[in-house]
Amino acid sequence: MHDKSLINAGRLLLKNLTQQQHSRLYLAVLLGVLASIAMIVQWYALARLTYAVLIQQQSLVEQSLIIGLMVLALILRSVLVRAQEHYAQLASLHAREALRNQILFKWRQISALQHSQRSPGSAASQLIEDVEAMDGYFARFWPQQLLAVLTPLIIAFVVFYYNWLAALFLLLAAPLIPLFMVLVGMGAESINQRFFNQRQRLAGHFLDRVKHLTTLKLFAAESAALTEVNLRSEDYRQMVMKTLKLAFLSSAVLEFFTSVAIAAIAIYIGFALFGAISWGPSADITLFSGLFILLLAPEFFQPLRNLSQFYHDRAAALAAATQIATYLDQSDTTKNLPAGDISEQQSNSALSKLVTTDLSIGYNANEKLQGPLNFELTTGLCLVISGPSGSGKTTLLHTLAGYLPPVSGELLLNNQPITKTAIRYLPQKPWIINGSWSDNLSVLAPQATEQAMQKALIQLGLEPLISNRDNGLDSKLNEHGEGLSGGQLQRLALARVILSPAPLVLLDEPTASLDAESRQYVLAVLAELKSQCILVISSHDPEVLALADQQLHFKFKGADSSC
């Protein structure tokens, strides 16, 4: 079960989102109150019409004004209810949009390394399903919690005018519904917390299995994977059924108490009309007042019944908000500036300087992998890092990229923390987006022209791949880069770096998966790129080492640096 502090964080997130939409939400409540008044007028006209026709023996023609009032109130009520739903839905839409923007901003803040440590299925579930779980809270529950107070009070005031005893009975019976709603809701919140946790795990688990179907097939593990998915799905089904069971049980209990309260009022009015009860205001009850009160009694309880139904929307929203708030409140290892600020710093930095002072690196703050490291690089210089696998080459690149905080020491680029300046990092396995060649090239350089893209592809020997295609740069690529080799994908990612150079460029084994011809293209580009930035490369390639102005050779214990 979640810690109270985490649940409080979820409540605070809901409160902040509500404050952003308070004007639309209060307008929805106002429209709901007006709809309740129209409903009272509607039942007043019906009771008055019934009394006039049955008791006073008047014709319907004589009651045309009352009939017109009833029809007008009925139409007005429908219009007001529709307008209330519209503004509540509008508030929900904007609140969910704001929440998605917060999550996406958080995604942009954290490093690719942190993204890789999280299940894509869980992330997708959070962005889509968890945010959608907020819909019922803003569209239904929040306005209804005010209407559940205002509407019964208005009805009680009207009933009090005709019969104070009936109004008193309504006010005494009303608290039973919120009481049971709270008792049932406490259990619903607990189940929904587990429900959201389990759903995210199932989403990530299933997507990971689908993503690695080829591997499962190669190891003949399909049956085991299928059995595991079935077991997880069964656990999820049982959790959903527990939630539904609680929802149906709570609805049955609330309907029972509502029915008993309405029946008691009906019995009281019936005995009063027969003269069996004569004390208090009972003697003054007529068919009109009795019918009017009896028509209003279900409407008195209806807002409370609706609130009890929508209380499950609150439980679901709180569970989702707790998950999202926990993610949003996680401490960042990177605190990037907005893209506009970074670009401005980049353009103003003609000569950049990278300085490390007693820098120690590692994934665990208590265990340094390498260090202390001391080196200084300026624009036009290249540092090549070599050493056996696992000695810390990629870890240093992650640290220089701002993905990992230093274990100790200082790391400054242009006299600022590393995350305050734009950099470019090309990992061993480049990322590709589902789009065209043009989309992939311009993703980091939105201002790049078609001519610049063509030039970058020519420099890297990729131009023949699109020259023979009818769509050219508009030819499609998927996120897996199907149809391209690993070396071609590597060069495509390097083309992005050419189009959007930064003060610091980090490359992890840029020639490892290339044939001899492709290597020459990449080496030529690296030689040209070196003059434009600070270049840091992890590589064992002798020809890459030849570009180095400084070298770092890592061993498993400590690091040696030579220029």
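Biologist: Which residue takes a positive phi in the hairpin of E4 and E5?

Modeller: That's Asn-414, with a phi near 55°. The hairpin has two residues between its strands. Bear in mind that this is a predicted model.

Biologist: How do E4 and E5 run, and how many bridges join them?

Modeller: They run antiparallel, with two bridges between E4 and E5, the latter being residues 416–417. One pairing to look at is Leu-413, whose bridge partner in E5 is Gln-416.

Biologist: And what about E1 and E4, how many bridges there?

Modeller: Five bridges, and that pair is antiparallel too. E1 covers residues 353–361 and E4 covers residues 408–413. If you want a spot to click on, try Thr-357, which has Glu-410 as its bridge partner in E4.

Biologist: Moving on to E3. How many of its residues are buried?

Modeller: Five of the five, so E3 (residues 382–386) is largely enclosed by the rest of the structure.

Biologist: Which way do the E3 side chains point?

Modeller: Cys-382, Val-384 and Ser-386 point one way, while Leu-383 and Ile-385 point the other way. That fits the usual pattern, since side chains in a regular strand alternate between the two faces of the sheet. Both sets in E3 are buried.

Biologist: What does E3 pair with, E10 first: parallel or antiparallel?

Modeller: Parallel, with four bridges joining E3 to E10, residues 534–538. Leu-383 has Val-536 as its bridge partner in E10. E3 also runs parallel to E11 (residues 550–554), again through four bridges. On that side, Ile-385 has Leu-552 as its bridge partner.

Biologist: You mentioned Cys-382. How many disulfides does a search of the whole structure find?

Modeller: Zero. A disulfide is a covalent bond between the sulfur atoms of two cysteines.

Biologist: Why no bond for Cys-382?

Modeller: Because the closest cysteine sulfur, in Cys-533, is 8.7 Å from the sulfur of Cys-382, and that is too far for a bond. The cut-off used here is within 2.5 Å. Looking from the other end, Cys-533 has Cys-382 as its closest cysteine sulfur.

Biologist: Is Cys-533 buried or exposed?

Modeller: Buried, with a relative accessible area of 0%. Cys-382 counts as buried as well, at 0% relative accessibility.

Biologist: New topic, then. Which residues does the UniProt annotation "transmembrane region" cover?

Modeller: The unreviewed UniProt entry gives residues 25–45, 65–83, 146–164, 170–191 and 246–279.

Biologist: What does the model show for residues 25–45?

Modeller: That span is 100% helix and 0% strand, with its end C-alpha atoms 30 Å apart. Residues 146–164 come out at 95% helix and 0% strand, and there the end C-alpha atoms are 24 Å apart.

Biologist: How do H7 and H11 pack, in terms of angle and axis distance?

Modeller: H7 (residues 164–173) packs on H11 (residues 287–328) at an angle of about 20°, and their axes are 11 Å apart. That makes the two helices roughly parallel.

Biologist: Is the crossing of H7 and H11 left-handed or right-handed?

Modeller: Right-handed.

Biologist: Last one: where is Leu-477 found?

Modeller: Leu-477 sits in strand E8, residues 476–477. Leu-477 is buried, with a relative accessible area of 5%.

Biologist: How far is Leu-477 from Asp-439 in sequence and in space?

Modeller: They're 38 residues apart in sequence and 9.2 Å apart in space, C-alpha to C-alpha.

Key: Residues numbered from 1 in each chain as written. Predicted model: local features only at pLDDT ≥ 70, side-chain atom pairs only at ≥ 80, totals over all residues. Heavy atoms only, no water. Buried < 20%, exposed > 50% of the residue type's maximum accessible area, 1.4 Å probe, protein only. Pairing = 2+ DSSP bridges. UniProt positions renumbered as here; feature names shortened; annotations may be inferred. Axes fitted to C-alpha atoms, helices over the stretch in contact; angles between N-to-C directions. Parallel < 35°, antiparallel > 145°, perpendicular 65-115°, else oblique. Left-handed = near helix turned anticlockwise from the far one by under 90°.
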